[in-house]
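Thank you all for making time this morning. I would like to walk you slowly through one structure, so please have the sequence and the model open in front of you.

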Amino acid sequence: MSYSEIMIRYGELSTKGKNKKDFIRKLRSHVQSAISVFPKANVRSNHDRMYIELNGEDYEEVKEKLVNIFGIQSFSPVLQVDKNIEAIEQAVIQVVTELYTSGKTFKIGTRRADKDFPLDTMEINREVGAAVIQALPEIEAKMKNPDIMVNIEIRKQGVFLYTHKVQGAAGFPVGTGGKAMLMLSGGIDSPVAGYLTLKKGVEVEAVHFYSPPYTSPQALDKAKDLTAKLAKYAGSIHFISVPFTEIQEEIKNKTPDSYSMTLNRRFMMRITDRLREERNALAIVTGESIGQVASQTLESMAAINQVTESPVLRPLVSMDKTEIIDLAKKIDSYELSIQPYEDCCTVFAPQRPATKPDLDEVFRLEEKLDIDALVQRAIDGIKIEKIKVEDSTDYKVSEMFADLL
Ligand code: ATP
Ligand code: MG
């Protein structure tokens with residue numbers, strides 16, 4: 001079937017007025033850039049719907065782009081037909097015949113925005129319904145939960161038909177909720193935390209700590225590839241790499257093993273908070289989930305969190321690992337995350353990290369370190385790049401592991 005346009009229904013619009021305008025404006029710009037590869041397609045919007053005029057572009061291809069855009073509740077491919085009752089009947093019969101198998105029920109629902117159309121909604125429903133029954137004598141009409149629902153919209157510009165809804169990504173358009181810094185490791189959790197943050201309309205910048213030569217260039221590439229996976233939902237994402245070798249060595253040399261994890265995380269948090277301030281973001285996001293590992297007891301989180309007053313968002317806090325893995329698979333980050341490139345935390349991981357770090361002890365140990373200078377040197381060494389979906393070097397990773405799979 002050759003569709004003429006796609007009708008998009010907005011997601012959860014709990015807020016009104018100016019926020020609604022912002023929602024629609026941002027969504028429209030995301031839709032426009034996502035479909036910029038289809039030059040003939042054209043976007044228009046009003047306060048309750050958005051439409052993509054396909055002008056010959058392939059619906060299935062455009063659909064693949066739309067399903068990743070937050071702020072879209074659902075969408076439907078729409079067929080335009082001539083503005084007279086005979087043409088409507090013909091088209092509806094064709095559509096229903098295509099979908100009908102023995103035993104299926106149907107219903108016609110009409111919305112008439114153009115009051116000049118000679119028939120009212122009741123008359124249209126009745127006439128078109130009768131035409132369908134005449135064409136398919138076995139079929140039955142059913143008012144509640146029909147198998148085939150045919151919607152007819154009579155507008156000034158023409159008559160439009162649609163039958164099915166495709167579920168959208170829901171959430172809010174990215175950018176309507178401000179910006180946060182995502183602490184992105186090479187693990188399974190933080191990309192998922194990033195995805196859930198983007199879903200709520202919050203733009204993210206990825207901050208990744210790496211420790212060459214202890215961590216390999218591939219570990220850094222992996223973090224960038226994970227960022228590219230998230231870019232699918234955001235258009236593009238700034239990736240900030242922070243050299244962390246000096247800090248990890250200092251901690252290893254000057255403090256006991258059991259506290260190194262806590263101290264390392266406190267440095268990461270401080271540096272991320274500085275970057276947050278410099279880059280005008282409001283919050284920090286992590287992939288922490290209660291109880292998963294030593295750093296993720298409440299005591300430990302409290303000790304790490306103590307270095308900042310900024311909100312620290314933990315979208316995975318109450319999720320089980322299996323739920324997180326399901327989401328990681330859904331956003332296609334899982335296979336990448338489980339590639340065995342060690343990030344800086346694994347390399348320096350202590351044998352027995354303190355699961356209940358004592359804050360007074362933390363303060364005593366930190367007196368041995370020149371915190372300000374260490375933070376400053378790390379910040380002086382950052383690199384920032386903008387990562388887009390196409391930047392993924394994914395294929396290289398899978399090629400390298402092809403013989404292991
Ligand atoms: P993940 O799967 O996201 O690596 P994890 O289960 O390994 O998480 P931790 O190692 O305790 O848990 O890390 C907790 C969080 O700290 C991560 O989710 C991430 O937000 C942040 N983090 C850890 N390592 C790094 C890193 N190298 N760069 C940036 N952030 C990091
Ligand atoms: Mg990790």
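**Helix packing, and a few residues to look at**

Let me begin with a pair of helices, H3 and H4, whose crossing is right-handed. The contact between them is made on the H3 side by Ile85, Ile88, Glu89, Val92, Ile93 and Val96, and on the H4 side by Ile124, Glu127, Val128, Ala131, Val132 and Ala135. If we sort those residues by class, the contact of H3 with H4 has 10 nonpolar residues, two charged ones and no polar ones. I should say at this point that what you are looking at is a predicted model, and that is worth keeping in mind throughout.

As for the geometry, H3 covers residues 85-99 and H4 covers residues 121-135, and their axes come within 9 Å and cross at roughly 50 degrees. Angles from 35 up to 65 degrees belong to the oblique class, and H3 and H4 are therefore oblique to each other.

Now let us turn to a second pair, H8 and H9. At what angle do H8 and H9 pack? The angle is about 45 degrees, with the axes of H8 and H9 8 Å apart, and these two helices are therefore oblique to each other as well. H8 passes H9 in a right-handed crossing. Here the contact is made by Met261, Thr262, Arg265, Arg266 and Met269 of H8, together with Ser300, Ala303 and Ile304 of H9. By class, the contact of H8 with H9 has four nonpolar, two polar and two charged residues.

Staying with H9, which runs over residues 298-305, its buried residues are Ser300, Met301, Ala303 and Ile304. Seen down the axis of H9, these buried residues fall within an arc of 160 degrees, so they line one face of the helix. The general background is that an α-helix has 3.6 residues a turn, so residues three or four places apart point the same way. What covers the buried residues of H9 includes helix H8, residues 257-278, and helix H13, residues 359-366.

There is one residue in H8 that I would like to single out, namely serine 260. Is serine 260 buried or exposed? Serine 260 has a relative accessible area of 6%, so it is buried. Leaving aside its neighbours within four places in sequence, serine 260 is in contact with Ile251, Phe348 and Pro350.

Let me move on to the backbone, where two residues other than glycine have a positive phi. For asparagine 145, phi is near 50 degrees, and this residue sits in the loop between strand E6, residues 140-141, and strand E7, residues 148-155. Asparagine 145 is exposed, with a relative accessible area of 65%. Alanine 170, for its part, has a phi of about 60 degrees, but this alanine lies in a strand, E9, which covers residues 166-170. With a relative accessible area of 17%, alanine 170 is buried.

Finally, where is the cis peptide bond that I would ask you to find? It joins proline 212 and proline 213, with omega at about 0 degrees. If you follow the chain there, you will see that proline 213 is placed in the loop between strand E11, residues 203-210, and helix H6, residues 217-234.

That is where I will stop, and I am happy to go back to any of these places on the screen.

Methods. Residues are numbered from 1 along each chain as its sequence is written. Chains are lettered from A and ligands numbered from 1 in the order in which they are written. This is a predicted model: local features need pLDDT of at least 70, side-chain atom pairs count only at pLDDT 80 or more; totals for chains, interfaces and linings use all residues. Side-chain values use heavy atoms; hydrogens and water are left out. Axes are lines fitted to C-alpha atoms, for helices over the stretch in contact, and angles run from 0 to 180 degrees between N-to-C directions. Helices (H or I, at least four residues) and strands (E, at least two) are DSSP runs, numbered from the N terminus. Angles under 35 degrees count as roughly parallel, over 145 as roughly antiparallel, 65 to 115 as roughly perpendicular and the rest as oblique. A crossing is left-handed if the near helix is turned anticlockwise from the far one by less than a right angle, and right-handed if clockwise. Contact means heavy atoms within 4.5 Å. Ala, Val, Leu, Ile, Met, Phe, Trp, Tyr, Cys and Pro count as nonpolar, Asp, Glu, Lys and Arg as charged, and the others, Gly among them, as polar. Buried means under 20% relative accessible area, exposed over 50%, partly exposed in between (1.4 Å probe, protein chains only). The arc is that of the directions from the helix axis to the C-beta atoms.
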